[in-house]
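This report walks through one chain, from a single loop position out to the whole fold. Keep the sequence and the 3D view side by side while reading.

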Amino acid sequence: MNLDLSGKTAMVCGSTQGIGKAAAIELALLGANIVLLARNEESLKIAMKDLDVSKGQKHNFLVADFQQSNQLKEKLDSFVATQGAIHILVNNTGGPPSGLIQNAKVDEFLQAFNNHLVCNHILVQALIEGMKKAQYGRIINIISTSVKAPLKNLGVSNTIRAAVANWSKTLANEVASYGITVNNVLPGATLTGRLSAIIENKSKNTGESLNEIKNEMESEIPLGRFAEPSEVANAVAFLASPAASYITGINVPVDGGRTGSL
């Protein structure tokens, strides 16, 4: 099975922590050159130190804030013009705050739509021509199992994630003839800052202790535990590899069996 990414360049969004950083680490271990993308330059410089260079990889970073999407295209176009093609794109950004959909403000939907779908689209449009010319492209979107079954108290997230999933499927069908695949990885409860924030928010609203909520959540997972970010990153790395060349337009849950549908 060919998992070698030597000579390929991967851009990984939200890559200074959590699933994004874990994905960048795994892709580098397979030989890819990594371009880290996030809004904090100091955090990007620190994250770069954890990337493997044993195969001669050359890593870089791009500072961009998804809340300023009008500047994102300019930065991407300038980067590609000077640094060359990107073969692998991992779309990943922090999810919207938790809360009931009936209480959500319109601005929350607009901000989440911009951060997730609009910025994903800007990234794809900036990088797709390079993938076409290389006849190799992997676009992997980190979404959520909520695209299969909405999650409680995540009203805005459930709504926007579904939009991203359908955008992804449409794109997959359009670009398949160029040797470009588009797939979604759907993490379940994963040990990241976002999970901690969700647990803390629920504790604040219900009065339950953090441990009570944690135990309740883990009891819903057949494997009986939360995922490590690296376990989600392994799915990303496989889908980015030559071995996954005939897999496109699908959702891959990495959730310990929690989702109640196939």
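## Loop positions

Ala-149 sits in the loop that links strand 5 to helix 5 (155-175). The model is a predicted one. Is Ala-149 buried, partly exposed or exposed? Its relative accessibility is 31%, so Ala-149 counts as partly exposed. Partly exposed covers the range between the buried cut-off, under 20%, and the exposed cut-off, over 50%. Asn-166 lies 17 residues from Ala-149 in sequence. In space, the C-alpha atoms of Ala-149 and Asn-166 are 14 Å apart.

The loop between strand 5 and helix 5 also holds Asn-153. Asn-153 is not a glycine, yet its phi is positive, about 65°. With a relative accessible area of 30%, Asn-153 is partly exposed.

Gln-135 is another non-glycine residue with a positive phi, here about 55°. Gln-135 belongs to the loop between helix 4 and strand 5. Its relative accessibility is 65%, so Gln-135 counts as exposed. Why do such phi values deserve a look? Most residues other than glycine have a negative phi.

## The sheet

The chain has 8 helices and 7 strands. An open sheet of 7 strands runs in the order 3-2-1-4-5-6-7, and the pairing is parallel. Which strands stand at the edges? They are strand 3 (60-63) and strand 7 (251-254). Each has a single partner strand, so one side of each lacks a neighbour in the sheet. From one strand to the next, the twist averages 20°.

The table lists three of the strand pairings.

| Strand pair | Bridges | Direction | One facing pair |
|---|---|---|---|
| Strand 1 and strand 2 | 5 bridges | parallel | Met-11 and Val-35 |
| Strand 1 and strand 4 | 3 bridges | parallel | Ala-10 and Ile-88 |
| Strand 4 and strand 5 | 4 bridges | parallel | Val-90 and Ile-140 |

## Strand 1 and its neighbours

Strand 1 covers residues 9-13. How many of its residues are buried? The count is 5 of 5, so strand 1 is mostly covered. Both faces are involved. Thr-9, Met-11 and Cys-13 are buried on one side. Ala-10 and Val-12 are buried on the other.

Met-11 stands opposite Val-35 in strand 2. The path from strand 1 to strand 2 goes through helix 1, and this β-α-β crossover is right-handed.

Towards strand 4 (residues 88-91), strand 1 makes 3 bridges. Ala-10 stands opposite Ile-88 there. Val-12 has Val-90 as its bridge partner in strand 4.

Helix 1 (residues 18-29) packs on the sheet. Helix 1 touches strand 1, strand 2 (33-38), strand 4, strand 5 (137-142) and strand 6 (180-187). The direction of helix 1 makes about 170° with that of strand 1.

Helix 4 (residues 106-134) packs on the sheet as well. Its contacts are with strand 1, strand 2, strand 4, strand 5 and strand 6. The direction of helix 4 makes about 170° with that of strand 4.

## Strand 4 to strand 5

Strand 4 has buried residues pointing both ways. Ile-88 and Val-90 point one way, Leu-89 and Asn-91 the other. All are buried. On strand 5, Ile-140 stands opposite Val-90. Val-90 is also the bridge partner of Val-12.

What hand does the unit of strand 4, helix 4 and strand 5 have? This β-α-β unit is right-handed.

## The whole chain

Zoom out to the full chain. Its radius of gyration is 18 Å, close to the 18 Å that the globule rule gives for 262 residues. The chain is therefore as compact as a globular protein of that length. Along the principal axes, the C-alpha atoms fill a box of roughly 55 × 40 × 40 Å.

Of the 262 residues, 45% count as buried. The chain exposes about 12,700 Å². Carbon and sulfur atoms supply 51% of that area.

How do the contacts spread along the sequence? Take contacts between residues at least 6 apart in sequence. Of these, 75% join residues at least 24 apart.

Terms used. Residues numbered from 1 in each chain as written. Predicted model: local features only at pLDDT ≥ 70, side-chain atom pairs only at ≥ 80, totals over all residues. Heavy atoms only, no water. Pairing = 2+ DSSP bridges. Helix = DSSP H or I, 4+ residues; strand = E, 2+ residues; numbered from the N terminus. Axes fitted to C-alpha atoms, helices over the stretch in contact; angles between N-to-C directions. Contact = heavy atoms within 4.5 Å. Rg over C-alpha atoms; globule rule 2.2 N^0.38 Å. Buried < 20%, exposed > 50% of the residue type's maximum accessible area, 1.4 Å probe, protein only. Areas by Shrake-Rupley, 256 points an atom, 1.4 Å probe, with all protein chains shown as cover. Right-handed = clockwise from strand over helix to strand, strands pointing away.
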